[in-house]
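Here are a few notes to go with your first look at this one. Keep the view open and follow along point by point.

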Amino acid sequence: MRRFFILANNLANNVPEIVGPDARHIAQVLRMQPGELIELFDGSGWVYEARLEDVHPQRVRVSVTRRYQSPSESPLKLTVACGYLKEKKMDLLARSLTELGVHHWWPFFGMRSVPSPEPKRLAARVARWQKISLEAVKQCERGRPMTIEIHQNLAAVLAAEASSEVKLLFWERGDSDQRFSQGQRSAAASALLLLGPEGGFAPREIAAAHSAGFDSVSLGPRILRAETAVQCACALVQHRYGDMGKSP
Ligand code: SAM
C-alpha cells in the first residue's frame with residue numbers, strides 16, 4: 001500500500017485532506033481513484049489505513065478505515081551519540097540511522113571533531129536532518145522519525161544519559177566487552193552507543209566514558225570510517241538486543 005505523511009491536526013478533521021506535492025502525486029502521477037486504499041502516518045507511531053474519497057491534484061480527501069501502532073518500531077530504545085562529522089556524512093546518517101530503527105540521535109562535538117558550525121547554521125542543519133529522517137520513515141515503513149539533539153561535548157552526553165540498560169563505547173583500541181562479542185541474543189529495553197568523530201576519541205573522553213559505566217566494544221581489527229562504524233554498530237546492537245534478524 002502507498003504511504004503518505006499527514007499532519008496529526010489534519011487527521012483530526014472530519015474529512016482529512018492530503019494537500020501539496022503528495023496530492024498531485026496521487027492524482028496525476030499514480031492516477032489513483034476513489035475507493036483505493038492508502039496508508040498514512042503522522043510521525044507519532046500510529047499508522048492509518050485510509051480510503052480515497054475524492055481525488056483532486058490540489059487536495060485528496062480520505063476517510064480513515066483503521067488505525068494501528070506501527071509494527072516496525074524496534075522494542076529496543078536505541079540512542080546513538082556520535083561525533084559531529086562533515087556535512088554529507090551527517091545527511092547520510094540521518095537517513096540510515098532512521099532505517100536502522102534508532103530512536104534518538106545525539107551528535108556531539110568531540111575534542112577531535114573537525115566541523116563546528118555556528119549556532120544559526122546548526123539549527124538549519126538539524127531541521128534538514130529531521131526532514132531527511134521523516135522521508136526515510138515513509139520509505140522504510142517506520143511509524144516515527146528519530147528525535148535529533150545536538151550535544152556540545154561528550155560530557156553533556158554523559159550528563160544527559162538517562163540510565164540506559166546497555167551502555168557501549170565503540171573504540172578501535174579497546175579490549176572488547178566479552179559479553180557483547182560472544183553473547184547470544186538477549187532482550188534489552190534501551191541502549192546508548194558512543195562513537196567518535198573522524199579523528200576518534202581523545203584519551204580523556206575514553207576515560208570519562210569508562211568512569212560513566214560504558215563497556216568498550218570493538219568492531220574488529222580494521223579501523224572503520226566514522227560513518228561506517230556508526231551504521232555497523234547500530235546493526236550489531238539491533239541484532240543482539242533489538243529486532244534485526246527477527247521475522248516481521
Ligand atoms: N582516528 C582514529 C585512529 O586513527 O585511530 C580512528 C577514528 S574512526 C575513523 C572514528 C570512530 O569510529 C572511532 O572513534 C570509533 O568510535 C569508531 N570505530 C572505527 N573503527 C572501529 C573499530 N574497529 N572498532 C570500534 N570502533 C571503531
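1. Start with strand 7 and strand 8 (residues 147-148): the two pair in the parallel sense, over two bridges. To find the spot, look for Trp 105, which stands opposite Ile 148 in strand 8. Bear in mind as you go that this is a predicted model.

2. Strand 7 also has a partner in strand 6 (residues 77-83); these two run parallel as well, and five bridges join them. A handy marker here is Ala 81, which stands opposite Trp 106 in strand 7. How does the chain get from strand 6 to strand 7? The path goes through helix 3 (residues 87-99), and this β-α-β crossover is right-handed.

3. How much of strand 7 is covered? Strand 7 spans residues 104-108, and four of its five residues are buried, so the strand counts as mostly covered. As a general reminder, side chains in a regular strand alternate between the two faces of the sheet.

4. Now move to the ligand. Twenty residues surround it, and the ones that come nearest are Phe 170, Arg 173, Leu 219, Arg 222 and Leu 224. By type, the shell around the ligand splits into eleven nonpolar, five polar and four charged residues.

5. Which atoms of the protein lie by the ligand's nitrogen atoms? Leu 219 has a backbone N or O atom 2.8 Å from a nitrogen atom of the ligand, and Gly 220 has a backbone N or O atom 3.0 Å from a ligand nitrogen. On the oxygen side, a polar side-chain atom of Glu 172 lies 3.4 Å from an oxygen atom of the ligand. Overall, the protein covers 86% of the 590 Å² of accessible area that the ligand has on its own.

6. Have a look at Gln 238 too, which sits in helix 8 (residues 226-241). Buried or exposed? Gln 238 has a relative accessible area of just 1%, and because the cut-off for buried is under 20%, it counts as buried. Its side chain is not without a partner: the side chain of Gln 238 makes a polar contact with the side chain of Ser 74, at 2.9 Å.

7. For contrast, go to Lys 120 in helix 4 (residues 119-140). Lys 120 has a relative accessibility of 71%, and exposed means over 50%, so this residue counts as exposed. If you want a sense of distance, Lys 120 and Val 166 are 46 residues apart in sequence and 34 Å apart in space, C-alpha to C-alpha.

Key
Residues numbered from 1 in each chain as written. Predicted model: local features only at pLDDT ≥ 70, side-chain atom pairs only at ≥ 80, totals over all residues. Heavy atoms only, no water. Near = heavy atom within 4 Å. Polar contact = N/O pair within 3.5 Å; in protein donor to acceptor, adjacent residues only side chain to side chain. Areas by Shrake-Rupley, 256 points an atom, 1.4 Å probe, with all protein chains shown as cover. Nonpolar A, V, L, I, M, F, W, Y, C, P; charged D, E, K, R; others polar. Buried < 20%, exposed > 50% of the residue type's maximum accessible area, 1.4 Å probe, protein only. Pairing = 2+ DSSP bridges. Right-handed = clockwise from strand over helix to strand, strands pointing away.
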